[in-house]
Amino acid sequence: PGGKEVLQRIHQIDATAKAVVLSGFSNDQVFEDYRRYGFAGALVKPFKTRQFLDLMSGILGIPHQMNQ
C-alpha cells in the first residue's frame, strides 16, 4: 500500500494522528492536495533539516530552536 492507504489505516486506529507526505515528485496528486487525503503537511525531497523542523513544529505547535 501507498502512503494514503497507510494513513487511512492509521486514522482508523487514531483519528487524531498526524502525518506528512514526503515526495520527490511534487506533481503527485496526493502531494498537490495533501489535506484532502488527511495529511497535515508536505515536503518535496530533498529538503533541509530546517524545513522539516519548521513543518513539524508548525503541525505539532511546538517551537524549536536550531542553530542557523
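Let me begin with one residue, Val 44, which, once we leave aside residues up to four places away in sequence, touches Ser 23, Ser 26 and Phe 31. Val 44 sits in strand 2, and with a relative accessible area of 34% it is partly exposed. There is also a residue to compare along the chain, since Asn 27 is 17 residues away from Val 44 in sequence, while the C-alpha atoms of the two are separated by 9.9 Å. Please keep in mind throughout that what we are looking at is a predicted model.

Let me now step back to the whole chain. How many helices and strands are there in the protein chain? The protein chain has three helices and two strands, and if you read along the sequence you meet them in the pattern α-β-α-β-α. The C-alpha atoms fill a box of roughly 35 × 25 × 15 Å, when that box is taken along the principal axes. Of the 68 residues in the protein chain, 22% are buried, and the accessible surface comes to about 5,200 Å², with 52% of that surface belonging to carbon and sulfur atoms. As for charge, the protein chain carries 8 positive and 6 negative side chains, and the centres of these two sets lie 4 Å apart. If we take the contacts between residues at least 6 apart in sequence, 20% of them join residues at least 24 apart.

Next, the two strands. Strand 1, which covers residues 20–23, and strand 2, which covers residues 41–44, run parallel and are joined by four bridges. One position to find on the screen is Val 21, which stands opposite Ala 42 in strand 2. Which residues of strand 1 are on the covered face, and which are on the uncovered one? Val 21 and Ser 23 make up the covered face, whereas Val 20 and Leu 22 make up the uncovered one. This is a pattern worth remembering, for in a regular strand the side chains alternate between the two faces of the sheet.

Staying in strand 2, let us look at Gly 41, which lies in that strand. Is Gly 41 buried or exposed? Its relative accessibility is 1%, and because anything under 20% is called buried, Gly 41 counts as buried. Not counting residues up to four places away in sequence, Gly 41 touches Ala 19, Val 20, Val 21, Tyr 34, Leu 55 and Ile 59. Two of these names, Leu 55 and Ile 59, will come back when we reach helix 3.

Before that, a word about Phe 39, which is placed in the loop between helix 2 (29–32) and strand 2. Phe 39 is buried, with a relative accessible area of 8%, and, leaving aside neighbours within four places in sequence, it is in contact with Gly 3, Lys 4, Leu 7, Ala 19, Val 20, Val 21, Val 30 and Tyr 34. Val 30 belongs to helix 2, and at 12% relative accessibility it too counts as buried. Apart from residues up to four places away in sequence, Val 30 touches Lys 4, Val 21, Tyr 37 and Phe 39, so that you can follow the contact with Phe 39 from either side.Now we follow the chain out of strand 2. Pro 46 is placed in the loop between strand 2 and helix 3, the latter covering residues 49–60, and the peptide bond from Lys 45 to Pro 46 is cis, with omega near -10 degrees. To put that in context, most residues other than glycine have a negative phi, and most peptide bonds are trans.

Helix 3 lets us do a small check together. With 12 residues at 1.5 Å a residue, helix 3 should span 16 Å, and its end C-alpha atoms are 16 Å apart, which agrees. Which residues of helix 3 are buried? They are Leu 55, Ser 57 and Ile 59, and the buried residues of this helix pack against strand 1 and strand 2. After helix 3 comes Gly 61, whose phi is positive, near 70 degrees.

To close, I would ask you to keep two places in view: the parallel strands with their four bridges, and helix 3, whose buried residues pack against both strand 1 and strand 2.

Note on methods: Residues numbered from 1 in each chain as written. Predicted model: local features only at pLDDT ≥ 70, side-chain atom pairs only at ≥ 80, totals over all residues. Heavy atoms only, no water. Expected span 1.5 Å × (residues − 1). Buried < 20%, exposed > 50% of the residue type's maximum accessible area, 1.4 Å probe, protein only. Contact = heavy atoms within 4.5 Å. Pairing = 2+ DSSP bridges. Areas by Shrake-Rupley, 256 points an atom, 1.4 Å probe, with all protein chains shown as cover. Lys, Arg positive; Asp, Glu negative; His and termini not counted. Charge placed at Lys NZ, Arg CZ, Asp CG, Glu CD.
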